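Got your viewer open? Load the model, pick a cartoon view, and let's walk through it one selection at a time.

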Amino acid sequence: MGGPTREDERFMAAALRLARRNLGLTSTNPSVACLVVKDGTIVGRAVTAPDGRPHAETQALADAGEQARGATAYVTLEPCSHHGRTPPCADALIASGVVRVVVCLLDPDERVAGRGVVMLRDAGIEVDIGVLRDEGERVLEAYLMRQRMKRPYVTLKLAVSADGMIGRKGEGQVRITGVVSRVQVQVLRAETDAILVGVGTASADDPELTVRLPGLEERSPVRIVLDRRLDLPMNSKLVRSARDVPLIVVAGEGDYAARRAALEAAGVEVLNADTVSDLLTALASRGISSLLVEGGARAARQFLDADLVDRILLYSGPSTLGEDGIRSPFDRTTVPAGFSLKRSARYGDDIFEDYERDTGCSQA
């Protein structure tokens, strides 16, 4: 009963690495990991399955089998205590015979919120809470944002040329960054629940907004287009692939019945939302915890003006685009106030910078 140890931190760190593996795959549930450890050896391990079930704890306990009896379970998020489509994971841990459970974070879901810990302790199981809490907050930041603020965690990604441009008028997609940066963006998409662009970008660039890395194609996020007048071309790659990868088109006020019907017939969901705040509330209600805003300048500005950006990923390329360029909302020298640089790297000739909103500045 001496409390958490260095060994606890080591196993929790391993559990958090495992939890990252299924980020973006487990909506509406968070990606949680569980390790079952006996005599210093991992005898069972699991992460929340794609689509959110089965949960990590039940899979890890099944992996451990009889070795779970007398063992310690390391869980990155408090075990659930309520009956949903599956029985409570707290019950499964109690039945398995584990004698101790180490929890990284309490679950802010009002159906749990400490009840899982109470169930375990009432059953005589020792519970330690808060091991590597800060690291866990980063891994689960999107889920925690949805639970606490009732909206997804919003990441704004921009690729900016040396002269402050994000594209060139009338030319569709223009490559600003190198291959390493573009691969990093593909990985980012694979870890995100949904990706958003404005209709101007969707029409000019005709992107597919899927994950194209070999072996990760099935991890493509929900695609979202801000399109107030439903101008998205029916022959666009986005519409043509809507039955394979979900596509939501966000409309404003107006009578666009014919366009709406055509899009819906192609498998597109048309969602009405007057503001980006309304849109985020609607996405959260569907279990979407993370949103990547990829372009263009107008969409980026809408989220910045609404004070609804939590993280900025800025890729600065070495080339210039000239007078016909589309100006970025900001560059490395004019990052919006309220954001602090957390990490930077060089990807070939590109400079990557990761900014996070300062603590206490996030808006609902």
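We'll begin with the whole chain and then go to a few helices.

**Everything first.** Keep in mind that this is a predicted model. With the cartoon on, you should find twelve helices and 16 strands. Line the view up with the principal axes, and the C-alpha atoms fill a box of roughly 70 × 45 × 40 Å. The radius of gyration is 22 Å, which agrees with the value near 21 Å that a compact globule of 364 residues would have.

**Now the surface.** Switch it on and you're looking at about 16600 Å² of exposed area, with 47% of that coming from carbon and sulfur atoms. Colour by charge next: there are 46 positive and 51 negative side chains, and the centres of the two sets lie 2 Å apart. Hide the surface again and think about what's underneath: 53% of the residues are buried. As for contacts between residues at least 6 apart in sequence, 72% of them join residues at least 24 apart.

**Select residues 6-20.** That's helix α1, and L16 sits in it. Is L16 buried or exposed? Its relative accessibility is 5%, under the 20% cut-off, so L16 counts as buried. Show its surroundings as sticks: leaving aside residues up to four places away in sequence, L16 touches T76, C104, L132, E135, G136 and V139. Then try a distance from L16 to Y74: the C-alpha atoms are 9.8 Å apart, while the two residues are 58 apart in sequence.

**Select residues 56-64.** This is helix α2, where A56, E57, A60, L61 and A64 are buried. Which side of α2 are they on? They're on the same side, because they cover an arc of only 125° around the axis. The spacing rule behind this kind of pattern is a familiar one: an α-helix has 3.6 residues a turn, so residues three or four places apart point the same way.

What covers those buried residues of α2? Add β1 (33-38), β2 (41-47), β3 (72-77) and α3 (89-96) to your selection, since the cover includes these elements. Before you leave, click on G65, which follows α2 and has a positive phi, near 60°.

**Last stop: residues 276-285.** Here you have helix α11, with V276, L279, L280, A282, L283 and A284 as its buried residues. Step just past the end of α11 to G287, and you'll find another positive phi, this one about 90°.

Notes
Residues are numbered from 1 along each chain as its sequence is written. This is a predicted model: local features need pLDDT of at least 70, side-chain atom pairs count only at pLDDT 80 or more; totals for chains, interfaces and linings use all residues. Side-chain values use heavy atoms; hydrogens and water are left out. Helices (H or I, at least four residues) and strands (E, at least two) are DSSP runs, numbered from the N terminus. The radius of gyration is taken over C-alpha atoms; the globule rule is 2.2 Å times the number of residues to the power 0.38. Buried means under 20% relative accessible area, exposed over 50%, partly exposed in between (1.4 Å probe, protein chains only). Contact means heavy atoms within 4.5 Å. Accessible areas come from the Shrake-Rupley method with a 1.4 Å probe; for residues, only the protein chains shown count as cover. Lys and Arg count as positive and Asp and Glu as negative; His and the chain ends are not counted. The place of a charge is taken as NZ of Lys, CZ of Arg, CG of Asp or CD of Glu. The arc is that of the directions from the helix axis to the C-beta atoms.
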